[in-house]
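Work through the exercises below with the structure open. Try each task before reading its solution.

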Amino acid sequence: MIRQCKNCGRIFSINISKKRLARGWGAFCSKVCVRQWKDNQIPDMNDDLAYMIGVILGDGYTINKRYPYLNVYRIGLTTKDKEFALAFKTAQQNLGLKSRLNQLKNGRNKQLYVVDANNRGLTKWICNLDECKIENLMVEKALAVAFIKGFYDSEGDFARLRLQIRISNTNLSKLKLVNKLLERFLNIKGHVILQKPSKMHYGKKDVYRLGIYKQADTLKFLQTVGSNIPRKTIPNIDQICL
Ligand SMILES: [Zn+2]
């Protein structure tokens with residue numbers, strides 16, 4: 001049977017049963033082409049991918065390492081919040097990744113959750129993203145909201161008494177990006193400042209903070225963006241009429 005390779009377009013001949021053909025076998029001319037094609041398959045931009053990018057910009061991580069006998073391409077998150085771990089796992093699964101959730105005991109019996117999935121193509125793609133590319137990916141409100149939610153789940157903090165949202169990070173340009181998207185899609189005005197260096201931070205990197213101080217903006221943020229982590233939002237916030 002003569003076929004055309006799905007990856008390189010080369011015409012090749014192959015002996016294959018109809019049954020296997022129906023299952024999608026025999027689409028590639030070589031193992032190299034199978035791998036190349038898989039690597040280039042980036043899922044279409046959707047809410048789950050936007051959320052994952054937001055988390056990776058925050059507490060999440062990517063491992064892109066080549067060892068002599070093994071290459072590791074991994075997208076993961078370590079957190080103490082179970083709800084956060086489950087949300088990240090769901091996003092990974094929705095993207096077709098084989099996501100694993102493990103529990104770790106940390107020193108003083110603190111429970112940690114580790115979620116990760118191996119994927120070469122997606123890991124490489126995410127490693128190449130910068131703030132500018134991410135901004136260009138956020139073409140609609142739903143994507144921007146999912147992205148900001150991922151970042152807020154990671155780095156955010158809800159000051160319940162003052163009704164303020166605070167998102168802290170050492171990377172100023174990440175916060176500026178989130179602030180820009182908040183203003184563009186949600187019309188929320190945030191302020192980015194350098195946090196007052198405390199004694200605890202002495203000798204460490206500067207920490208910047210994106211704050212949402214107007215109560216109306218905070219409530220709008222919690223209603224439209226919200227969080228997967230209960231302590232970072234108000235229960236049943238979507239049922240409250242503003
Ligand atoms: Zn090929």
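**Exercise 1. The contact of α3 with α7**

Task: Which residues of α3 meet which residues of α7, and how do the residues divide by class?

Solution.
- Step 1. Start on α3. This is a predicted model. The α3 side of the contact consists of Asp-47, Ala-50, Tyr-51, Met-52, Ile-53, Gly-54, Val-55 and Leu-57.
- Step 2. Cross to α7. There the partners are Ala-142, Leu-143, Ala-146, Phe-147, Ile-148, Lys-149, Gly-150, Phe-151, Asp-153 and Ser-154.
- Step 3. Sort the residues. The contact of α3 with α7 has 12 nonpolar, 3 polar and 3 charged residues.
- Step 4. Add the geometry. The axes of α3 and α7 are 7 Å apart, and the helices pack at about 35°. The crossing of α3 with α7 is right-handed.

**Exercise 2. α3 against α4**

Task: At what angle do the axes of α3 and α4 cross, and why is the pair called oblique?

Solution.
- Step 1. Locate the helices. α3 covers residues 47–57, and α4 covers residues 82–94.
- Step 2. Take the angle. The two axes cross at roughly 135° and come within 9 Å.
- Step 3. Classify. Angles over 145 degrees count as roughly antiparallel, and 65 to 115 as roughly perpendicular. The angle of α3 to α4 fits neither class, so the pair is oblique.
- Step 4. Give the hand. α3 and α4 make a left-handed crossing.
- Step 5. List the contact. Asp-48, Tyr-51, Met-52 and Val-55 of α3 meet Phe-88, Ala-91, Gln-92 and Asn-94 of α4. By class, these are 5 nonpolar, 2 polar and 1 charged residues.
- Step 6. Compare lists. Tyr-51, Met-52 and Val-55 appear in the contact with α4, and they appear in the contact with α7 too.

**Exercise 3. The sheet touched by α4**

Task: In what order do the strands of the sheet that contains β3 lie, and which strands are at its edges?

Solution.
- Step 1. Pair β3 (residues 61–66) with β4 (residues 71–79). They are antiparallel, with 6 bridges. Asn-64 has Tyr-73 of β4 as its bridge partner. The two strands make a hairpin, with 4 residues between them.
- Step 2. Go on from β4 to β6 (residues 110–118). Again the strands run antiparallel, joined by 6 bridges. Gly-76 is opposite Asp-116 of β6, and Arg-74 is opposite Asn-118.
- Step 3. Join β6 to β5. This antiparallel pair has 7 bridges. Gln-103 is opposite Tyr-113 of β6.
- Step 4. Read off the order. It is β3-β4-β6-β5, an open sheet of 4 strands with antiparallel pairing. The edges are β3 and β5 (100–106), each paired on one side only. From one strand to the next, the twist averages 30°.
- Step 5. Place the helix. α4 packs on this sheet and touches β4, β5 and β6; its direction makes about 10° with that of β6.

**Exercise 4. The sheet that contains β10**

Task: Why is one side of β7 and of β9 left without a neighbour in the sheet?

Solution.
- Step 1. Write the order. An open sheet of 4 strands runs β7-β8-β10-β9, with antiparallel pairing.
- Step 2. Find the ends. β7 (156–159) and β9 (191–194) are edge strands with a single partner each, so one side of each has no neighbour in the sheet. The twist averages 25° from one strand to the next.
- Step 3. Check the β9 edge. β9 pairs with β10 (residues 208–212) over 4 antiparallel bridges. Here His-191 has Gly-211 of β10 as its bridge partner.
- Step 4. Add the helices. α7 (residues 141–155) lies across β7 and β8 (164–169), at about 80° to β8. α8 (residues 172–186) lies across β8, β9 and β10, at about 15° to β10.

**Exercise 5. α7 against α8**

Task: How far apart are the axes of α7 and α8, and which residues meet?

Solution.
- Step 1. State the geometry. The axes are 10 Å apart, and the packing angle is about 140°. The crossing of α7 and α8 is left-handed.
- Step 2. Name the residues. From α7 come Lys-141, Ala-144, Val-145, Ile-148 and Phe-151; from α8 come Val-178, Leu-181, Leu-182 and Phe-185.
- Step 3. Sort them. The contact of α7 with α8 has 8 nonpolar, no polar and 1 charged residues.

Note on methods
Residues numbered from 1 in each chain as written. Predicted model: local features only at pLDDT ≥ 70, side-chain atom pairs only at ≥ 80, totals over all residues. Pairing = 2+ DSSP bridges. Axes fitted to C-alpha atoms, helices over the stretch in contact; angles between N-to-C directions. Contact = placed C-beta atoms within 7 Å. Parallel < 35°, antiparallel > 145°, perpendicular 65-115°, else oblique. Left-handed = near helix turned anticlockwise from the far one by under 90°. Nonpolar A, V, L, I, M, F, W, Y, C, P; charged D, E, K, R; others polar.
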